[in-house]
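Biologist: I have a structure open and I'm new to this. Could you show me how to read it, one feature at a time?

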Amino acid sequence: MPQNYQITLDTVVLRQKDLQKAVAFYQLLGLKCKLYRTGQWAEFLLGTTCLALCPTDELQSGHSGLVFATKEFEALLEILQNAGHSLSERVTTSRGIIVTVTDPGGNKIDLLYPQAPPAPCYKEESCCRNRK
């Protein structure tokens, strides 16, 4: 039987075709760059999680699964539009309003304006209950 170890998310890595443009994009979102090695690697600290950018020769084409929540939602959307980034239509979910933007590497990320306390994102199943 598996033990109940405490696991935390340490690092999320996004691949980027143009690392310099990607660093500028995430700075535009308000993230503070912690480490930047030109053409090699970049890191941003989000609480206890690191968002790392890694160079690649290929443009990405999928949804990254990243969701950044902000109360400054409208101001951030305006900043992104003024910088020439395309935004999706607004989608209202149980967690709030979501708009998707694509970073310079082709990674689609969601911006969330939270409107309600987060609900659990899982349903407890028998495999997750403590067994004696």
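Modeller: Happily! A nonpolar core is a set of buried Ala, Val, Leu, Ile, Met, Phe, Trp, Tyr and Cys residues joined through side-chain atoms within 4.5 Å. Keep in mind that this is a predicted model.

Biologist: Why look for such a core at all?

Modeller: Because in soluble globular proteins, nonpolar side chains tend to be buried together. Here the largest nonpolar core has 23 residues. Those with the most contacts inside it are Tyr26, Leu29, Leu51, Leu53, Phe68, Ile109 and Leu111.

Biologist: Which elements give two or more residues to this core?

Modeller: They are the helices α1 (19-28) and α2 (73-82), along with the strands β3 (41-46), β4 (49-55), β5 (63-69), β7 (96-102) and β8 (108-114). The largest share, 5 residues, comes from α1.

Biologist: Let me pick Tyr26. What is Tyr26 in contact with, leaving aside its neighbours within four places in sequence?

Modeller: Among its contacts are Leu14, Gln16, Leu31, Phe44, Leu51 and Leu53. Phe68, Asp103 and Ile109 are also in contact with Tyr26.

Biologist: How do I read the rings?

Modeller: Look at how far apart the ring centres are, then at the angle between the planes; planes over 60 degrees apart count as edge-to-face. The structure holds 4 aromatic pairs. In one of them, the rings of Phe25 and Tyr26 have centres 4.9 Å apart and planes at 85°, so this pair is edge-to-face. Both of these residues, Phe25 and Tyr26, are buried.

Biologist: And how are the rings of Tyr26 and Phe44 arranged?

Modeller: Their centres are 6.1 Å apart and their planes are at 50°, so that pair is tilted. It links distant parts of the chain, with Tyr26 in helix α1 and Phe44 in strand β3, 18 residues apart. Phe44 is buried, as is Tyr26. Phe25, Tyr26, Phe44 and Phe68 form one aromatic cluster.

Biologist: Now the strands. In what order do they form the open sheet?

Modeller: Read across the sheet from strand to strand: 4 strands are ordered β5-β8-β7-β6, with mixed pairing. β5 and β6 (91-92) are the edge strands, each pairing on one side only. β5 and β8 run parallel and are joined by 4 bridges. To find a bridge yourself, start at Val67: its partner in β8 is Asp110.

Biologist: Where does α2 lie?

Modeller: Helix α2 lies across β7 and β8, and runs at about 150° to β8. As a last stop, find Lys71: its charged end sits over the ring of Tyr113, 5.6 Å from the ring centre.

Technical notes:
Residues are numbered from 1 along each chain as its sequence is written. This is a predicted model: local features need pLDDT of at least 70, side-chain atom pairs count only at pLDDT 80 or more; totals for chains, interfaces and linings use all residues. Side-chain values use heavy atoms; hydrogens and water are left out. Buried means under 20% relative accessible area, exposed over 50%, partly exposed in between (1.4 Å probe, protein chains only). Contact means heavy atoms within 4.5 Å. Two strands pair if DSSP finds at least two bridges between them. Axes are lines fitted to C-alpha atoms, for helices over the stretch in contact, and angles run from 0 to 180 degrees between N-to-C directions. Rings of Phe, Tyr and Trp (its six-membered ring) pair if their centres lie within 6.5 Å; planes under 30 degrees apart count as stacked, over 60 as edge-to-face and the rest as tilted. A charge sits over a ring if NZ of Lys or CZ of Arg is within 6 Å of the ring centre and within 35 degrees of the ring normal.
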